[in-house]
Amino acid sequence: MSAPEMAIPKPEPRVERFEKMAFGLFLHWGVYSQLGQGEWIMHRKSIPIEEYTKLKDTFTASQFDAQSIAWLARQAGMKYITLTTRHHDGFSLYDTRGLSDFDAPHSAAKRDLIAEFVEGCRAEGIVPFFYHTTLDWRWQSNTCDDAAFEKYLDYLHASVEILCTRYGQIGGLWFDGDWSRPKADWKRDRLYGMIRRLQPEAIIVNNTGLQHPGEIGHPEIDSVTYEQAMPRALDRRGQPKYVTGEMCQTMNSHWGVGRMDFNYKSTAELIQTLCGSRRVGANYLLNVGPTAEGAIPDLEAATLRAIGRWIEPHAEPIYNGKPVGAKCLGRDFVLQSGGKWYYFAFDLRISGHENVTLAVGGAGPRTIQGLRKPIRAARWLDDGSPLQFAQNLDGGFAAIDLTGYPYGSNYVVRVAEIEFAADSR
Ligand code: GLC
């Protein structure tokens with residue numbers, strides 16, 4: 001291929017802004033939350049529509065305080081929240097303005113919960129994103145005939161139009177469900193064209209699901225999805241536009257609250273996954289299922305706050321760091337930002353008095369291959385303590401002599417800041 005064909009396209013400003021948001025909160029919440037067995041319960045238990053509809057009469061949202069959720073997200077170091085405005089069961093958290101009476105204003109809550117969500121986010125400087133299903137079990141959109149499907153699409157697009165016009169500027173729309181009718185003409189040009197017209201700054205995502213992570217679809221898509229899967233580096237050479245990526249993941253095994261799901265990932269694992277996403281420039285959208293009443297469960301809230309404490313000293317590389325073409329061993333990697341490099345070190349151990357810590361190891365020199373600028377200084381980002389280094393400039397090798405954690409902390413992933421001699425940018 002000739003050089004121009006291999007060029008890497010420049011990201012649109014909205015995509016650049018999205019990438020810098022880095023970390024978001026995914027919320028799956030709806031009438032199903034009352035059953036505490038995830039968001040697929042209607043389908044899984046084949047609950048008849050009439051029976052399922054009754055769930056709206058007990059859906060009170062009595063503990064839904066959008067601003068306190070946005071505040072929690074902020075404490076977690078998250079910059080955006082993606083909330084299920086409507087999921088596959090067809091219940092809308094927003095006022096559908098006559099399109100359907102299976103919505104929050106017609107529930108026991110009697111409120112437009114999306115209006116509250118958007119307001120709560122804005123009060124905390126969090127960007128609201130709207131998840132919206134494209135699969136709708138009430139319409140049987142996955143099995144109905146073509147004529148019914150056409151009607152359904154009109155309903156779907158009219159619904160999205162409400163979201164684009166009634167809630168001010170939003171961060172983006174996150175669609176999910178096209179996989180339920182893979183061969184259908186979803187009229188995406190029409191839908192995405194409307195979004196571009198009404199919300200030109202909004203990111204458009206359409207989840208490719210568990211089976212097709214990272215797959216690029218319609219040309220208007222701004223970010224590919226990695227559902228429950230570590231993102232890969234995208235090869236953007238010769239691509240018509242710069243598309244970014246976002247990994248979404250459950251904190252346990254369910255998106256909607258699972259009362260009997262104890263399979264929680266550890267804080268350590270979540271931090272590693274956040275880092276692993278940033279390694280390839282992807283965002284990390286971490287999911288929590290609020291309770292039936294709309295509260296964030298305690299365990300999830302505490303975990304989110306802990307991640308926020310980790311992010312605090314690492315904010316610069318986490319939000320602004322970009323991948324560089326340098327190689328490290330194992331899971332370690334390097335990001336660059338503002339002329340500095342940031343070395344992300346995994347598997348370090350605590351070293352200390354033999355009576356307080358058993359694990360010694362992990363410390364010692366670690367190499368970076370592909371670094372040809374003279375290093376001036378290296379230090380841990382968390383406490384500023386200096387690190388020794390050695391370099392072979394011609395060979396493009398550097399080694400940073402990593403110290404273990406002093407007894408008193410264990411960051412799981414520890415980040416070293418590498419500064420270069422002047423004029424070597
Ligand atoms: C899947 C599921 C859905 C969940 C989504 C989140 O596509 O159908 O329940 O909302 O993934 O990524």
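How much space lies in the largest cavity? The figure is about 70 Å³. It comes from a predicted model, as do the other values in this report.

**Enclosed spaces**

Rolling a probe the size of a water molecule over the atoms shows where empty space is left. In this structure there are three cavities of 30 Å³ or more. The largest cavity has a lining of 13 residues. Those that lie nearest its centre are Asn252, His254, Val288, Gly289 and Glu300. Sorted by class, this lining is made of seven polar, five nonpolar and one charged residues.

The second largest cavity holds about 50 Å³ of space. Its lining consists of Ile216, Leu234, Asp235, Arg236, Gln239, Lys241 and Val243. By class, three of these residues are nonpolar, three are charged and one is polar.

**The largest pocket**

Pockets are open, whereas the probe cannot get out of a cavity. The largest pocket has a volume of about 490 Å³, and 26 residues line it. Nearest the centre of this pocket lie Arg279, Val280, Gly281, Pro323 and Val324.

Which helices and strands each supply at least two residues of the lining of the largest pocket? The helices are H1 (13–21), H8 (267–279) and H9 (298–320). The strands are E9 (322–323), E10 (327–328) and E11 (333–337). By class, the lining of the largest pocket has 13 nonpolar, nine charged and four polar residues.

**The ligand**

In which pocket does the ligand sit? The ligand sits in the second largest pocket. Around the ligand there are 14 residues, and His28, Glu39, His87, His88 and Glu227 come nearest. The shell around the ligand divides into seven nonpolar, four polar and three charged residues.

Three side chains place a polar atom close enough to an oxygen atom of the ligand to count as a polar contact, for which the limit is 3.5 Å. The table lists the distances.

| Residue | Distance from its polar side-chain atom to a ligand oxygen atom |
|---|---|
| Glu39 | 2.5 Å |
| His87 | 2.8 Å |
| Asp176 | 3.1 Å |

Glu39 and His87 are also among the residues that come nearest the ligand. How much of the ligand's exposed area does the protein bury? Taken alone, the ligand exposes 310 Å², and the protein buries 94% of that area.

Definitions and conventions. Residues numbered from 1 in each chain as written. Predicted model: local features only at pLDDT ≥ 70, side-chain atom pairs only at ≥ 80, totals over all residues. Heavy atoms only, no water. Near = heavy atom within 4 Å. Polar contact = N/O pair within 3.5 Å; in protein donor to acceptor, adjacent residues only side chain to side chain. Areas by Shrake-Rupley, 256 points an atom, 1.4 Å probe, with all protein chains shown as cover. 1 Å grid on protein atoms, 1.4 Å probe; cavity = no way out; pocket = protein on both sides within 12 Å on 5 of 7 lines; lining within 4 Å. Sits in = over half its atoms within 2 Å of the grid points. Nonpolar A, V, L, I, M, F, W, Y, C, P; charged D, E, K, R; others polar. Points joined across faces, edges and corners; volume = space filled by probe spheres on them. Helix = DSSP H or I, 4+ residues; strand = E, 2+ residues; numbered from the N terminus.
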